[in-house]
Structure formats: C-alpha cells, structure tokens
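Work through the exercises below with the sequence and the model open beside you. Each task is followed by a solution that goes step by step.

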Amino acid sequence: MNPVRKRRLIVISLIVLAVGIAAALTVFALQQNMTYLYSPSEVEAGHAPMHARFRLGGVVKEGSIHRVPGTLTTDFVVTDRFHDMRVQYTGILPDLFREGQSVITTGLMQNGQFDASEVLAKHDETYMPKEVADAIAKAKAEHRIPAAAQGGGTR
Amino acid sequence: MIPELGQLALILALLLAALQCALPIFGAWRDHRPLMATARSLAVGQFVFVALAFGILTYAFLVQDFSVAYVAQNSNLQLPWWYRFPAVWGAHEGSLLLWVLILNVWTLAVAALGGKLPERFHARVLGVLGFVAFGFLLFSLTTSNPFARILPAPADGADLNPVLQDPGLIMHPPVLYMGYVGFSVAFAFAIAALLGGELQSAWVRWSRPWTNVAWGFLSAGIVAGSWWAYSELGWGGWWFWDPVENASFMPWLVGAALIHAQAVTDKRGGLRAWTMLLAIFAFSLSLLGTFLVRSGVLTSVHSFAADPKRGVFILGFLAVVVGGSLLLYALRAPKVAGGKPFALASRETLILIGNLMLTVAAATVLLGTLYPLVGEALNIGRISVGAPYFGFLFMLLMTPLVLALPFAPLSRWGNADLALWKRAGLRIVGLSILSGIIGWVLGARDFLPLLGVTAATYVLSGTAIYAIKRWKEAPRGKRYPLEMFGMLCAHAGVGVFIAGAILTRSLSIEQDVALSPGQTAHVGVYDFKFDGVAETQGPNWLAQQGTVDVSKNGETIVTLYPQKRTYPRGQVQTEASIHPGVFRDLYVSLGDPLGDGDWALRVYDKPFVRWIWAGGLLMMLGGFCAAADKRFRMRREATALEVSGATATTRIEVVEQNA
C-alpha cells in the first residue's frame with residue numbers, strides 16, 4: 001500500500017469510528033430519554049410500561065381535584081372520557097391547570113395510580129396538544145369497535 | 001376601508017417581489033444592465049408597501065378596529081395602549097407580517113450598502129431575496145391574511161394571550177427575527193455566487209459582515225427569549241429544549257459554524273464548498289424553524305391552535321428552497337479543492353473541529369426535535385424526547401470545542417507553533433486548576449460547580465492570554481482590529497456563559513413550599529418570610545399579590561411582590577417577583593391558594609443566572625464588532641485583494657494574517 005493510500009485509509013477509518021461512536025451515543029441518549037404518551041384507556045389495557053416513566057395525557061376530570069391539606073400534594077383524575085386514571089402530584093401546578101383542561105403528565109405507575117413528577121398544561125386555553133387530541137380520538141375509536149362487536153354478539 | 005388598503009398594499013408588495021426576483025436575475029443572466037438596475041427600485045417599492053401594510057395593521061390595533069379578525073382575536077378594549085403595538089406580532093398572521101417586514105429591512109440594507117458589489121452579483125442577491133419575500137408574502141396572503149374581516153364586527157375583542165402581556169414581547173420577536181431572517185442575506189450571497197458560477201471566494205468576504213450581524217441579532221433574540229421564559233413562565237428555568245427554542249438554536253449553531261468557516265474561506269481560500277453549504281443550511285434551518293413554530297406539528301409552549309394548511313405551504317416552500325439550492329449546489333459548487341494547504345496542527349484544523357462539533361450538535365438537536373414526528377409518521381407511538389437527551393449530547397459535543405477554543409486564536413494559519421501551544425497550554429491549565437482550588441476554598445465541594453469554574457477560567461484565561469500576546473507583539477493602533485476585538489468578545493462570552501450555565505444548574509436551590517402568613521421558609525442562607533396575600537389591580541387585570549420579605553442573618557435584603565393575575569376572560573397568569581443580582585437572583589412566584597390564607601410558593605435562590613445572558617450578549621457584541629471591521633468596507637477592486645497575504649513577508653503583514 002502506498003503512503004497516500006495508507007493515509008487515506010487511516011483518515012477514513014477514523015471518520016468511520018467517530019461516526020460510529022457518535023451514532024451509538026445518540027441512540028443511547030435517545031433511548032434513555034424517550035417517553036411515550038398513553039391515554040388512560042391504553043394504560044387500562046396494559047399497553048403502558050409498569051415500571052418505567054411514561055406520559056399520561058388527557059383531560060382533567062370535572063370535580064376530581066383534591067388537595068391534601070397542609071401539603072403541596074394534589075390528586076386528580078385524568079380521563080379520555082372512556083377510562084379514568086387517578087394521578088398524584090406534589091408541587092405547584094401550572095396556571096392553566098383546571099377542570100376540563102387538557103394536560104400531559106409525566107411519571108410512573110405506583111400502586112395502581114399515576115405518580116406524576118411533571119404536569120404540563122398549555123398556554124392557550126383553546127389549545128389541545130395534538131398528541132392528547134389524538135389519544136382521545138384513538139380511545140374513542142377503540143371504544144366503538146368493541147362496542148359494535150358486542151352488539152353483534154348479542155344478536 | 002383602511003384594512004382593505006393594507007391588503008392591497010400586500011398584494012402590490014407580492015407583485016413587486018415577483019418582479020424583484022425575476023427581472024434582476026434574468027438581467028444578470030443576459031447581461032442586461034437596465035433590467036439589473038430595476039432590482040433596487042423594486043426592493044424599495046416592496047419595502048414601502050410592506051411597511052404600509054404593517055403600519056395599517058398597527059393602526060387597526062391602535063384604534064381597536066375589531067372588524068379585522070386578527071385584531072378581534074388578539075386585543076380588547078381593556079388592553080393598555082402600550083401592548084397594542086407589540087400585539088401586532090402577538091400571533092401568527094402579524095408575526096408573519098413582521099417576518100416579511102424584517103426581510104424587507106435586510107433587503108433594503110443590501111440594496112443601499114451593497115452598491116459597490118459587482119453589478120451582476122448585486123442584482124442576483126436582490127433577486128434571491130425577492131424570491132424569499134415572494135414566498136412569504138404569498139404564504140401570508142393565501143393562508144394567513146392579517147386583514148381578513150369579521151362581519152358583523154364584535155363589540156369587543158378576545159384578548160392578547162396574557163403570557164404575551166410582558167415587556168418581553170416588545171423585544172424578543174423583532175430581535176429574534178432580525179437574526180433568523182438575516183441569514184437570508186448570507187443565503188442570497190451564496191446562491192448568487194452559485195448562479196453566477198462564482199468560483200472565487202470574494203463573495204465570502206462580502207457576505208461576512210452580514211452573517212456576523214445576523215448571528216449577533218439571533219444571539220440577542222435567543223437571550224431575550226430565555227430571559228423572558230425565566231421571568232414570565234414562573235418555572236425559574238432559562239432553557240427547556242422546547243421544540244421552538246431548538247428551532248432558533250439550530251440556525252444559531254450553524255451560524256456560529258458559518259462565521260468561522262467564512263473566516264477560513266476569506267483568509268485562506270479553503271473550505272469554499274463547505275462555507276456555501278453552511279450558508280444554505282443556516283437559512284434552511286431558519287425556514288424549518290418557522291415551519292415548526294407555525295405549523296403546530298410539535299407540542300411546545302409556543303404552539304397555539306394551528307392550521308394544517310399553513311404547515312403544508314411552508315413545507316412546500318422549504319422543499320423548494322432547500323431542494324433548489326442543494327441542486328444548484330450540486331451542479332455548480334466549486335469542485336476543485338482550493339485554498340492554501342495546512343498542517344495538522346494549525347488554526348484551520350482547530351476551526352474545523354469547532355465547525356464539526358457545532359454542525360453535529362445542530363444535527364443532534366434536529367434529530368431530537370423531529371423524532372416525535374418520525375415516531376408519528378412510522379406509527380410507533382407518540383414519543384417525546386426529554387431534555388436530558390439534548391443536555392447530555394450537547395455537553396459531550398461542546399467539550400472538544402471548548403478545549404480547542406483558546407488555542408485557535410493562538411495558532412497561526414497553516415502551521416501552528418507547537419512550542420507556543422505548550423507554553424500557553426501550561427498557563428491555561430495552571431490557571432484553571434488554580435481557579436478550581438479557589439472554588440474549593442470558597443466552599444464548592446461538588447464536581448459540577450468546580451467544573452463550571454475551571455471550564456470558564458479555561459476559556460477566559462485562554463482568551464486573555466491571546467489578548468495580552470497581541471498587546472505585547474503588535475504595534476500600537478494595530479493591536480485589536482475590530483474583527484479581532486469581536487472574536488475576543490464572543491470567546492469571552494462563551495466563558496461567561498459556561499460559568500453561568502453550569503453554576504446556575506449546580507448551585508440553584510429551588511423549593512416549592514406551603515406557607516401560612518407569618519411563616520418563613522429557609523432557602524440556602526436566605527429566609528423568605530411570607531406576609532400574606534392582598535388584592536391589587538392593574539390596567540386590565542386583578543391580582544392576588546403576595547408579600548415576601550427576604551432576609552439574610554436577620555438583615556432584610558428586599559421585599560418581593562409575586563402576583564397571580566386574572567385577566568378579563570379569566571385567564572390566570574403568574575408573575576414572578578425577582579431580585580436580580582450579579583452573583584445571584586432571588587426569585588419568588590405564587591402557586592395556588594391552599595385555603596385559610598395559606599399559599600403554595602415557589603422560592604428560588606439562583607446564583608450566576610445573569611451570567612448566562614451576559615455571555616450571550618457578549619457573543620452578540622462580538623458579532624456586531626467583527627462586522628464593523630474596516631476590512632469589510634467594500635471596494636470595487638475587492639476581488640483583486642482576494643487571498644493576498646499569500647506572499648506576505650513583512651512582520652506586520654504576518655501578524656495581520658494571523659488575526
């Protein structure tokens with residue numbers, strides 16, 4: 001191998017190595033920090049991870065907000081209008097958090113309720129995050145299909 | 001009647017933009033001077049009509065003409081007059097008009113200041129800018145007309161989103177857009193060079209000041225946005241890796257790379273193709289940012305109810321601009337590797353490392369930002385990529401850049417003096433270790449704050465060593481040309497920013513507490529005594545206002561008045577109360593009432609948070625100073641000067657070359 005070729009080979013293998021390391025690190029970082037969004041119906045159906053963080057999206061159910069007196073702990077119900085999920089959060093809630101408002105909460109399942117470490121409500125009261133709207137639409141669609149199937153069964 | 005005039009003005013501007021694109025470029029192609037000469041007057045005409053439209057929209061806000069749908073949606077009778085001006089760009093339609101107006105300001109500047117550019121080149125640049133303006137005016141008129149009427153006119157409007165009723169709205173969008181849109185000039189220069197088959201690198205020198213100014217504005221705009229989020233959103237954070245923040249950060253990163261690549265091309269003739277590619281990417285990312293913000297495809301604090309048509313239009317425009325310019329690039333880009341050779345240890349190599357890191361960082365941010373879209377498209381679920389992804393990769397990628405940063409100015413072009421590296425390196429490392437020891441003595445025991453101090457000292461001392469070396473070696477009056485002064489400022493800004501970012505992150509104390517009136521929360525060395533909440537009133541809001549006395553060792557420092565405002569339509573907005581300081585901010589915001597006069601409070605002690613923005617502003621100053629260098633004053637014979645210095649032998653010229 002002549003020196004020019006040898007040098008090129010070294011340079012190219014270094015580049016390949018660097019790209020490989022960068023890609024591996026990126027994939028690693030992505031996997032560590034990716035969270036999926038589920039609706040209460042999907043959690044109910046067992047699609048959500050039991051021991052890993054995920055995001056729960058839906059609407060804060062009317063009349064479900066309770067404060068634990070003397071603390072910053074609040075519990076409330078997130079619903080997609082088909083299934084409910086009880087959520088507990090300790091901390092200060094965003095300004096737009098209220099009944100009937102769509103929220104995205106991040107956290108873990110703990111003893112059958114969702115233990116949230118973050119609650120997001122968006123800054124425009126008419127705005128529903130697309131993800132939440134999709135999740136609710138999906139829950140709606142899934143809800144209808146089994147209902148139709150049931151109807152067929154009874155006949 | 002008046003709003004219709006605004007609409008008419010926009011339509012005329014659209015027509016002029018179409019002409020401004022077609023005539024000069026055709027003229028330059030056929031070498032037809034009268035056609036080329038139309039570029040300037042068309043640019044002026046377009047500016048006049050866009051400014052007229054903008055003025056009319058502002059007027060509609062001032063007189064509260066609610067028959068204009070956009071005014072009715074974003075203003076009401078109670079809105080104080082000083083928010084009626086920035087309300088013009090408070091939502092989609094108006095901010096798009098601001099985008100076009102700022103593009104016109106840049107175009108006008110190029111038309112006025114670029115008079116000494118070669119005629120054909122100047123005509124092409126203005127033509128490309130005309131094309132961009134045409135796209136955006138068409139977008140505005142077809143999908144987001146700010147002058148659309150709503151009849152019958154409502155008696156009162158809705159409201160300007162309370163988050164936006166803040167002085168931040170006056171500053172942040174125009175400055176940010178100056179930066180965003182400013183990259184269109186660097187882009188237009190690159191495309192004009194490609195169109196003309198300009199294989200020389202003279203165009204790079206002409207475009208350098210424009211790039212620097214745009215980047216300076218973008219830095220300032222990002223700083224303003226970060227400061228606004230910190231003071232207004234009530235979370236006390238200054239950067240969230242939100243898709244829309246990323247949208248402005250990606251062009252900033254590529255812009256930083258572009259500034260340095262342009263310097264290499266200008267001074268050494270190298271990296272020509274790369275510089276051109278970066279200019280295309282910087283502007284494409286600006287467009288992508290507009291797409292992300294405006295289409296509502298991503299969930300972010302900035303996404304308001306969106307219209308999918310808009311997303312499709314911008315995506316199409318993006319495809320035309322990126323696709324077209326990359327095609328042109330593929331056909332025309334300088335194929336022959338040009339420029340002077342350089343050794344492995346040289347300034348070029350260090351700048352390349354920096355360029356590589358900045359562009360790869362932009363790419364990872366892009367990946368993380370668009371990943372949720374990919375997930376949705378491939379139907380693998382609704383994914384979000386958390387902030388730690390960005391933080392981790394960004395830190396990792398910036399490490400080599402920060403390590404290389406002090407050495408780049410200390411290296412000669414072509415071939416660096418290794419003995420100098422060694423001497424300077426020993427001093428820099430020594431000073432950094434010393435600063436770490438001082439930090440230890442002052443009480444920092446954790447890894448992160450010590451890292452912040454040493455890393456910041458590393459950059460700052462390296463920059464200072466170069467400044468001293470110049471002071472000693474260069475003759476009086478030639479020590480710090482503005483271009484170099486800008487570089488020193490911006491590099492010092494990096495050091496200040498690092499100190500601010502790492503120290504704020506590691507030393508902040510953040511507590512959410514429930515307090516009854518009279519109770520005290522201890523946060524770090526500070527006592528926050530809560531004195532209850534009383535009602536107060538503003539021009540268009542009612543507020544619950546808390547009183548919090550902050551003291552240290554029994555001595556009162558300041559009394560803070562955080563508010564929870566309620567606006568006419570019942571929207572609630574938290575106003576944090578902040579005691580700013582050079583070394584620390586004390587920050588209180590109100591949470592929710594807990595009954596019996598008790599409140600949830602968010603109490604922060606944030607050391608060095610101002611340094612983050614000070615660093616950003618230093619970078620801005622750097623961009624502006626560098627652009628003002630007299631090296632960039634245009635001369636007709638600029639081409640002849642290109643890659644001079646090659647045979648420079650006298651000492652002064654060597655030093656100059658080293659600059």
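The exercises move from the whole of one chain to its core and then to local details.

The model is predicted, with local features requiring pLDDT of at least 70 and side-chain atom pairs counting only at pLDDT 80 or more, while totals for chains, interfaces and linings use all residues. Residues are numbered from 1 along each chain as its sequence is written, and chains are lettered from A and ligands numbered from 1 in the order in which they are written.

**Exercise 1.** Compare the radius of gyration of chain B with that of a compact globule.

*Solution.* Begin with the rule, which is 2.2 Å times the number of residues to the power 0.38, the radius being taken over C-alpha atoms. For 659 residues a compact globule would come out near 26 Å, and chain B has 27 Å, which agrees. Next, take the principal axes, along which the C-alpha atoms of chain B fill a box of roughly 80 × 70 × 55 Å. Finally, count burial, where buried means that 20 or more other C-beta atoms, placed from the backbone, lie within 10 Å of the residue's own; buried residues make up 52% of chain B.

**Exercise 2.** Locate the largest nonpolar core with respect to the domains of chain B.

*Solution.* A nonpolar core is a set of buried Ala, Val, Leu, Ile, Met, Phe, Trp, Tyr and Cys residues joined through C-beta atoms within 7 Å. The largest has 179 residues, and Ala186(B), Phe189(B), Val254(B) and Ala279(B) have the most contacts inside it. Its largest share, 17 residues, is supplied by helix H6 (residues 167-195) of chain B, helices being DSSP runs of H or I with at least four residues, and strands runs of E with at least two, numbered from the N terminus. Because domain 1 (1-165) and domain 2 (408-507 + 625-629 + 645-658) of chain B both give residues to this core, it lies between them; the domain bounds come from an automatic or database domain assignment.

**Exercise 3.** Check the span of helix H1 of chain B and describe what comes just after H1(B).

*Solution.* The expected span is 1.5 Å times one less than the number of residues. For the 29 residues of H1 (residues 2-30) of chain B this should be 42 Å, and the end C-alpha atoms are 42 Å apart, which agrees. Just after H1(B), Asp31(B) takes a positive phi of about 55°.

**Exercise 4.** Describe how strands S3 and S4 of chain B pair.

*Solution.* Strands pair if DSSP finds at least two bridges between them. S3 (residues 520-523) and S4 (residues 526-537) of chain B pair in the antiparallel sense over four bridges, and His522(B) has Asp527(B) as its bridge partner in S4(B). Two residues lie between the strands of this hairpin, in which Gly524(B) takes a positive phi near 60°.

Technical notes
Buried ≥ 20, exposed ≤ 12 C-beta atoms within 10 Å, placed from the backbone.
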